[in-house]
Each structure stands twice: as structure tokens, then as C-alpha cells.
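Reader: Before I work with this model, I would like to hear on what grounds each descriptive term is applied to it.
Author: Then let us take the terms in turn, each beside its rule.

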There are 4 protein chains.
Amino acid sequence: MPPQRALGVAVVGTGKMGADHVRRLHDVVSGARVTAVVDIEAERAKTLADAIEGCTAYTEPAAAMAAQDVDAVLIASPGPAHEAALLEALGRDLPVLCEKPLTPDAASALRVLAAEQRLGHRRVQVGFMRRYDTEYMKLKRLLDGGELGRALMLHHRHRNLSMPPWFTNEMLINDSVVHEMDVTRWLLDQEITAVTVHKPAPTSHAPAGMNDPQFVLLETELGALVDVEIFGHCGYGYQVQAEAVCERGTVRIGDEHGPRLSTDGRWGGRITPDYVERFEDAYDREVQSWVDATRRGEIAGPSVWDGYAAAAVCEAGVLSQREGRRVEVELIERPAFYR
Amino acid sequence: MPPQRALGVAVVGTGKMGADHVRRLHDVVSGARVTAVVDIEAERAKTLADAIEGCTAYTEPAAAMAAQDVDAVLIASPGPAHEAALLEALGRDLPVLCEKPLTPDAASALRVLAAEQRLGHRRVQVGFMRRYDTEYMKLKRLLDGGELGRALMLHHRHRNLSMPPWFTNEMLINDSVVHEMDVTRWLLDQEITAVTVHKPAPTSHAPAGMNDPQFVLLETELGALVDVEIFGHCGYGYQVQAEAVCERGTVRIGDEHGPRLSTDGRWGGRITPDYVERFEDAYDREVQSWVDATRRGEIAGPSVWDGYAAAAVCEAGVLSQREGRRVEVELIERPAFYR
Amino acid sequence: MPPQRALGVAVVGTGKMGADHVRRLHDVVSGARVTAVVDIEAERAKTLADAIEGCTAYTEPAAAMAAQDVDAVLIASPGPAHEAALLEALGRDLPVLCEKPLTPDAASALRVLAAEQRLGHRRVQVGFMRRYDTEYMKLKRLLDGGELGRALMLHHRHRNLSMPPWFTNEMLINDSVVHEMDVTRWLLDQEITAVTVHKPAPTSHAPAGMNDPQFVLLETELGALVDVEIFGHCGYGYQVQAEAVCERGTVRIGDEHGPRLSTDGRWGGRITPDYVERFEDAYDREVQSWVDATRRGEIAGPSVWDGYAAAAVCEAGVLSQREGRRVEVELIERPAFYR
Amino acid sequence: MPPQRALGVAVVGTGKMGADHVRRLHDVVSGARVTAVVDIEAERAKTLADAIEGCTAYTEPAAAMAAQDVDAVLIASPGPAHEAALLEALGRDLPVLCEKPLTPDAASALRVLAAEQRLGHRRVQVGFMRRYDTEYMKLKRLLDGGELGRALMLHHRHRNLSMPPWFTNEMLINDSVVHEMDVTRWLLDQEITAVTVHKPAPTSHAPAGMNDPQFVLLETELGALVDVEIFGHCGYGYQVQAEAVCERGTVRIGDEHGPRLSTDGRWGGRITPDYVERFEDAYDREVQSWVDATRRGEIAGPSVWDGYAAAAVCEAGVLSQREGRRVEVELIERPAFYR
């Protein structure tokens, strides 16, 4: 497809993440243009649209999706609004990039799953952007290449400088560990079958009532054991690391690097403060990849099934967190459509 | 400028580098489209143009630059063809991104310098892409930030897996060390005043008659001492490293990182085989930055003066290499226009 | 104490470890000499004794300890023989360095504990040599220094190239993880209160019936959570790593370093094959430190209480391993004598 | 030799280095005892001797060397006093470990060379202790092993936190760079044939009149090129690094490691402040190795020839430093005795 026929994208939701995707589509990504922005706050949508030639503001996703110049939809609204927007887009057979979570729970995810199957072909990519991070991609390639043999364990570290005050124990699972749940499924190409959440004595820097850090054990269908340290208030930066323990070797990603200073009695360097800086390239690559595939008439990346499975594992995780015991994950049988 | 009005770029020269820039402008960079490709080999230009809607093939740069849909020019033809193309573009007041070298020698660079000054405003950016590499950018920011104090020395390492058979001693300076000459000038914000080229006993993997490796000493106007190891046939990968020695600390860039494997009695990882992989992001960032600035009606990045100064330092380097002695660099006084 | 009056040491047990200690006392350590070697295999003891002037061979520990020139005892016989030798040495009020385990189980350890308390002063140091490893010592100093705040979690990795064919699941706990149990108690200055052993699908390089790797969770009295990956057949080297997650930072030890090669498309270096090479300096430092303290009439290092506590945690670990559930550790109240 | 017959060592010179060797021989090294200490300051020698049983204080090296209980001599007096002490020891056929420099200049070194040859067997080891540093030893083994092919270049970094106020430009060569001169000769097994000293604009933290840092180029007989950055006032720690550039790979030693902290927005660790901490193990190993060889009646380590060659290269370096030009090294032909 020629540059003249750039993909016309409607961005649904113009909060922090949505506005960032608008900027990305406009300034960074090749082959796309933002032709519609949608937000229930009309003023916010209008301000954004006015800054972009050929872009119209809407308050209703359906209205935007009906527009002539909208070829595809990027959903970045709050999780509870996803299901309606997804069903609308599927109804119009429009390609979608939907920010995670697909929907807030497994039941609603199942309804989207059903709708896409009724449509008869895949249209939805879910925004698990770690799969587009350079180091995770190299790790995946190594594991798939087979030179290290079968993966026996994964060790994940997921540390944040701090969390917003409204962050809850459940969100540690649903918003943070969900990333490790997805990359685990992707890296190992196996479903997660059980979750156990451990709660060590919390840091004094976490709000009262919050168990931070937590240590999550995941079991997979072929018997791999996966542990995730989630630490919301580590106090020093944003740090995401993973280590795969395989039959013929181990491999670790996420160690900080970059300029190595020697000064003041110390060697070392800087740690990124947040996920925006750490995964900026992954977001760019994810959206470019979605635009490219869509323009070729293809679909790739995490599917609705991946979104559903993540939701089901999260539900088990939150239950384990609450009840202090191992919880098995309940999944429907995987439809042939998603194999 | 809106996405509809993407920058129409004529790419002059469609060899390895030119073709790669066509791909980059088409697939990676936002806000530009390739409207013309120019090559004296008509067939090659036509094949390339046919694959892109709205792109015309030319055999003459002047013809392409005269076209309505050409807003800017990217010159990637062989060095000896640069001067004519640059003068043509300046004559038409078109923005230019010119691959290094600006021109093959200082005398021709001076003619371009004069032409741009006659035009009265800067139009040409020279393709010293290392200035767009993330690590070099961080090093520059550190040095400019002042926390480490004044830079006293720079140590550069520049190693290639191997060189094409037609590579000469002079090319080690003009095509390879020229990068270190430019980043030295840029990092220190000082001109280079003298060059001494040392030739240790060569590796047995270099062709007969080639002195490989070489060790180049650069002196700067404020007395910093800079050394460059250039090694064309190191045999194991492409490795570019730099270390700044400052009054209050040292800082090193270019150490390999990425997945750290432990396997088979060894820890470590992979080294990139060539500059394409090592500097892919820098090329992308360079061209995106040029497109963005051009669309805003601005000019940034390495100037014709930088291209001229590099040519003058290279000439001194080649003379030192030939005569085995320290050679002082002759530069005209820097015009106020380029300050 | 003057060099002329070197500490006369009886080494009990002359297997691999005992013979190595004889060599260490003779060739490496300052201020000691081996005056007796004891082994039920008379011939082996005699051969060793004959190579050292002033050294006598014995088949009975008691006979050696009765000798005039024996000032101290180093016990390196098999675990089941430790109790008798320890009680003999305590009966003669001789200083002892006892290789781990103190004794094979908690009950026998309690008898040694009682004997030392009856003696009225500490005489026994247990050979948990990791406490003398440079990196562990630095980690301990960091944690004690308080700059990182309270430790919330420890992540341990303990990987062996391979195990001897007679190695069992129980030995993975009693002989390998026991080291992490001890350093955990020492680093955190807390007792371990519960153990849970997880068994992922085993590597195909382990013998049939062996669960390798295993993943052990330890809980401490103040609520820290500690995980230990024990991998007996990792296939690439001997790797011992630890990471402390604290309130104000994290710290990791055990990453390989040393000469960094770039060759053949790879950067990195060599991994030590076994504990002998990895902890050689720790063994030297442990024994020198014991000799120095003993000559000053002092006692330091891991105590009989540490040996007992490790045995109790191991018993819980083996039970958890067998029954697949969390097992609480039963400890007697710590006598004031050992505080 | 049995432990009872520990090597009786006379330590000549009891300044910082001498006192440290007394401690080392007494507390760290196996198989030796200090039977004599010599210092022209009688009181200092006596205080030191009184703390050690069986140790006598002397003010004259010759008197100490004549004593019955002195089997070997460790010379740690100021450089100008070395020649007399060495000739005295050679006259008595006593084994010697002589701190660097062997003597202050090539002429006096030649006299020692002649004396040892007259004696007819080697008796003197020179204290170039870097040859006993673990990383240098591994580098040497790698280069000798041949897997990387011939060494083409060496890059050395030698940085000190700061220098005492009485430190001079000449001492930067004679006391600091002399280490790189020696390890270069040892690593490459080649003599150094020429020296060029470069003086970049100095750091503002150096005393007036001191050129700091300096950059020294060494050429070897087979055409290898070696550069040494010597920086006396780097301000952040003691850093000694080396990189060998070979035909089939490069190898670097001296990167800092140890506990890797993540705290306060930074990753990294601590840099050793001085050579005492950095090379403590090397000193221990050097002296233990000398004691062991001496007790076996052998001699190993750097020879008088090495001491003479280093002195000759230093003389060329100081001349180059003073006159700002390349200076060739003058060496006598190497006697067969020292091959």
C-alpha cells in the first residue's frame, strides 16, 4: 500500500496512554494517520483533534468507526469500556489494537472471543507490548531456537519506583503481574494452570494495607515453575528482568547497561525511572507492527485468546492473594480458531 | 504539517545505502514519502520506483529536483558525485541530507561551503549518524552537563569483522576513522589541530600491503588528546567503543550487552556483525529527525562546516599515514555563518 | 603467639576434603602445622603423615587428640562420625573446626549443643565457609550497614555442572541447599520458620527419579521470604548467586566476571566448573581465620547453634520435599549461651 | 621443608611497604618467619622486632644478613639503598625478594646484573607484583595459550585517586608507568624498543607544573604498539585496566565488579581507593610464591634482567617526557644467563 493511502486510525480514549498513541501514530509510526479521536470528554477530544489536520473529534466510538476515513481502531479507553468498543469494531469488521486488559474479567473476554469467532477471522490484537521489547524478543528467539533445550523455570523481577496512591493489592496482579503472566505464556508457549501468591512482610514505603512486595508462583501445563517478584515501591527506579533456566543453559535479560561511569568512588550507571522510558521502543514497535500488518491485510500479535487467558490467570491470582492458597486456573478449551 | 502533506523526498543514488534509505523513508519514518529515485543505472532506479506508488525514476539528479513533488533531497550517491548534487540542490534552495563524506576532499567541501553561504541560510545536513546513536547522545549529554568536568582524553575503539577486498589504507582514514574524527569534534566542541597515524605490525588476516590495525592520535585546539584504534579485520564482529577521561570521572560507551547467557562453561552474549545492525536505530533516528526538522522549516544536525572540517582532518590523517609523521590540520577561519 | 609455636592441628578424616585441608594448613595458612592425621584407613593416614615432618598418623580420633603436639582439631570425616569426634574434643577442651554438617540430624546436634554448654565456653566452629567468601562478606556488610534498609526477600541461585551418580533428592537439601539456609540465617540474622519445596518438571539430564531442579521457599521469623533455586545438573558450570531485595535498594552477588573476551562473534568469559575453584579463597580465609582466632584464645564463626539450626531446617526441607507441602521448622529455644 | 624449619627472613626497610611485608610474612604467608628487621631508624626497627618472638632489630643490612637465623632477604628500603643491599646479599648467596625498582637507574642495575652472573646462579626476584594478580595471570595464560593469536596492541589504563604532594612528572614514569612497562614485557615476551610520552592539557586537580594525565606509547621489538594512560589525580578511585588486541580476539581485564547495587536511580558498585586494596591478593601471592620457591631451593618470578630492562625503558620515558620526542631504548645484549 502506498504512502498516500496511510491507514486512517480512530483512537478511542485520550487519557495518558491514548494521547501518547496519538503522538506515536502522528510523529513516529510510518504509514498511518489519526483521522478520529474519541473521548467522552468532548473538549479533550476536540483539543487533540484540532492539532491534527484531517482529524475529527467524537464522543462515541460507534460514530467514529462509522466514518469514511476510519480504517482501523486503537482502543485506549479504561478497561470497562473495552468490551462495547470491541464488539462495535468487530461488528464493522474493523482491525483493532486494544490496550491491555482486553476486558476486565474472563467472562467479558469470553464474549469478545465469541464475537470474533462469529466474524470468522481474527481482527483484534491485544496490547501486550513486552512481546515487542528487543530483549524479550531475543529471549523468545533463543528459547524457540532450541539451543538451550526446554525451559524448566522462569524468574521474573518487576520493580517500580513507586505506585500512585490509589493502587491496590488487586492491581498489583491485574495491572502489573499480568505482564509476566502474558510473557510467560508467550515465551513458553504453554498455558498457566495454577497461581500462588506469597506476601512477605511489606516495605515500610508502601501505603498501610498494601502488601508490597509480593511473590507469585505460576505453574504451567508442562510443569515449568515460574516466579514473579512484584515490588511496587522499590524506591530506586523501574526494573524489569527475566531469567530462563533451561536444560542446557540459563539466560537473563533486563540488566541495566548504557554509559558506564566511574566517578566518586563508584562505577555504574542510571536506571530508567518508569515504563514509558523503559518500553518506549516496544510501544513504537508494537504500533508500527500493527499498522504494517493491517495495511497488508494481516493480523498478528497477541490475540483475543491471549487476552482471555491473561484475564483468567489474573482472576486466579487475585483469589490466591485474597485467600492465601494455591488456586488453579479455569480455562475453556482452546478453540481451533485460535491455534 | 499534516500527515497528508508528507515530505516528498528524492533519493539520489540507489546503491546499498541509498536503497536502505528508500526503505527507511517508506517503511520506518513518519511524515515522508519517496517521490523520486535517481541513479545513472536507469534500470535499477526504475525497479525501485515501480515498487512505490507515486515514485518516479530519474537518471539525473537535476531532473528529479525539478519535479513538483520533490520537497527535499537525500544524497546517497558515491562521494565524487556529491558536489554537483549539492550545488544543484542549493541552487534550488532544497533541504538536503547528504551521506558522508560531504565531498571527497577539503577543496570541494569549501566550494559547497561557499555556495551555502551565498544562499544565505543553512540547507544541508551531513550524514554523520553516530551523533544519533543513543549511547553517543547520552555521552554527549554527560559531557555537556558538566558534572564530570572538562574532557582531557578520549579513547576510541573501532573494529570491523573484516573489510571488502578493495579497501585501502586511505579508506581506513577516510571511511572509518572519519566517524571518530566527527564525534570527537562534536563531543568536545573543539577543532582537531593535528593527526599522527601509527602503524603497528599488521594482523596476518589483512591483505598484503594493508596496515591493519592502525592507531591514530588526534590533538584538539584546547589540548585534549584523542586516540583511535581502527582495526579492519578483527575477525569477531563490529565493535565501536568510546571512553571519555574527564577531570572528575570517566565514562565508557559501547560495551556489548543484551541477553546474558550462561552455557557451555561460558557467560556472555552476541556481538553485532556489522554497522547496519549496530547503528540501525541511529540511521532511523537521523532520518526521522531530518524529516521532522525539514517539515518544521528548520535545519539541525551536522553542517557543511562539519563536513569540511572532517575532510580537512582526513587529509592530514592520510598524509600522516603516508609519511609516518605528525601532520597539522589546516582549516580556514570558521565563518560566523556556521557558529 | 610466635611463629615458632605454630598451632598443632589434628585433621580427622583424610578424604577429598580432609586432604585438601591438610594441604591448606601446610602450604597456605600462616601459623599452623599439621601434627596429626586420622583415618580409619591406616594406610591412607600414614602416607599423608609421612609427607609432613612432625606429623603422626592415627586411626582413632581420641588417640590423636591425646597427643602432646595436638592443640586443635579439624574434623573432616563423614557426617555420621562427627558427633563422637566432637564430644571427644569437647571432653578435652580442644578448639574444633568441624566441616558441615555439624551432625547428620537435629537430635544429634542437640547433644553436641548440650556438651558444649556443659563445658561452659564455646569451642566449636562449624564449616559454613560461604560466610568467608568475599562477595558474601560484602553483602553482609551492606545489609548490616543499614543503608539499604530492611531486607524483604532473598533470591538464591545454586547451580552445579552435574552431581555424582549417588546423589539423592535428600542430598540436594542436606548437602546443597543447606548452604543457602545458613547464609540466609546469617545475612538476615533471623531464624527460618518454614520450608516449602517445589518440584518443577525435571531436566532430562538428571538421573531417573531425581527431581532436578527444585525451588525452595524459606520463611523467616520476621516475615522475609527467601527462594532458592537448586539445580544439580545445569550442565554449564558452578554458579552461586544471591540477590537481596531491601526497602531502599537491591544488591546482587555472584555474577561472573574476570577477563572479558571478544572473539568469534561473542563477548564474555569463563564460568568456574566447581566449588573448589569458586570458593577456594573462602576455604583459605575460613581456616586462616580459625587458626588466628584459636591462637589468640578466641572463638568466632558459625557456632554449634548454627549447626543445629541448619540441621533442623534441613529436616523440615526433606519432609516438605517428600510430602509436597509447607513444613514448619521446630527449634528449641535459643540458649542464652549462644546469643 | 617441614613447618618447623620456617624460612627465616630479614626485612630490610620498615617503612609503609616494609612494615606491610613484615605483617604479611607473620600473619598471612605459610612457611616463613621474620627473624630480622633492618632500618636506619633504630627505634622503628626495635619496636617492630619486639612485637615478634625471635626477631632481632638491626640498623645495618649486612649485620642482619650475617645472622644465623636469616635464610633470605626481603628488600623494601628506598630505591637508592637497593644496590648495596643486593650486592651484600649476593655476596652471601642469600635469596632475595627486592621491591621495585631493582635500582634507580640502568647503570646501577647493570652492576647488580654483573654480580649475579658472577655468582653463577640466580638469587634475586624483583617485586613486580602485578604478575601475581589473578586477572593479569589469566590474561597472560590466554595470550600464551595462543587461541587469540598474536597480540598486536595493548591498551593500559592506570588511574589513581590522587598523588602525594611530592610526586613529580618523573615519578609518574618511574613509579607508576613502570608497572605497565614490566607487564608489557612479560605479557608479550618482547623487549620495548622506543617510548613516546604525550602530555595533554592537564587536569585542574593536579599540582601546578605537573602534567597529569600523560599518555605513553611503547613500541616493542616485534612491532606491537602499546599505549598507557597514566592519570595521577583521577579523583574517583584506583583503576588499573588492560586490553589486549589480538589477531583473533580482544580481551580486557580490570573492570570493576563485586556486589551490584541498584539504589537511588543508579546501578553499580564500589571502586577500590588504592593499590593496597586492589593488589592485596597479588602481594600475598607474590610473597607466598617467593617463600615456597625459596624453600624448595628454586628461583622464579621477575629477574634482575627484568629490573634492568624496566630501568632502561623508564630512562627513555623520562627523556621523552622532558624533550617531547620519541626516544629509543638502549639495552645491552641479553646474557644467555637470563634467557
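Author: UniProt positions are given in the numbering used here, feature names are shortened, and annotations may be inferred rather than shown by experiment. With that caution, the unreviewed UniProt entry annotates residues 8-128 of chain A as "domain: Gfo/Idh/MocA-like oxidoreductase N-terminal", and places "domain: Gfo/Idh/MocA-like oxidoreductase C-terminal" at residues 140-329 of chain A. The model is predicted, so that local features need pLDDT of at least 70 and side-chain atom pairs count only at pLDDT 80 or more, while totals for chains, interfaces and linings use all residues. Residues are numbered from 1 along each chain as its sequence is written, chains are lettered from A and ligands numbered from 1 in the order in which they are written, and side-chain values use heavy atoms, with hydrogens and water left out.

Reader: What makes up residues 140-329 of chain A, in helix and strand?
Author: Helices (H or I, at least four residues) and strands (E, at least two) are DSSP runs, numbered from the N terminus; by that rule the span is 35% helix and 28% strand, and its end C-alpha atoms are 24 Å apart.

Reader: Why is the pair R252(D) and D255(B) called a salt bridge?
Author: The term requires a side-chain nitrogen of Lys or Arg within 4 Å of a carboxyl oxygen of Asp or Glu; the side chains of R252(D) and D255(B) meet at 3.0 Å, N to O, and therefore qualify. Across the interface of chain B and chain D the rule finds 6 salt bridges.

Reader: How do you know what area is buried between chain B and chain D?
Author: Buried area is the accessible area (1.4 Å probe) that two parts lose on being put together, summed over both, and here it is about 2700 Å², of which carbon and sulfur atoms give 56%. In chain B, the residues that lose the most area to chain D are M153(B), F215(B) and E247(B), together 17% of what that side buries. Counted by contact, meaning heavy atoms within 4.5 Å, 35 residues of chain B touch 35 residues of chain D.

Reader: What relation links chain B to chain D?
Author: Superposed by least squares on the C-alpha atoms of residues with pLDDT of at least 70 in both, chain B can be laid on chain D with an RMSD of 0.0 Å by a turn of 180° and a shift of 0.0 Å along the axis. That is the relation of a two-fold axis. Moreover, 100% of the interface residues of chain B are also interface residues in chain D, so the copies meet through the same surface.
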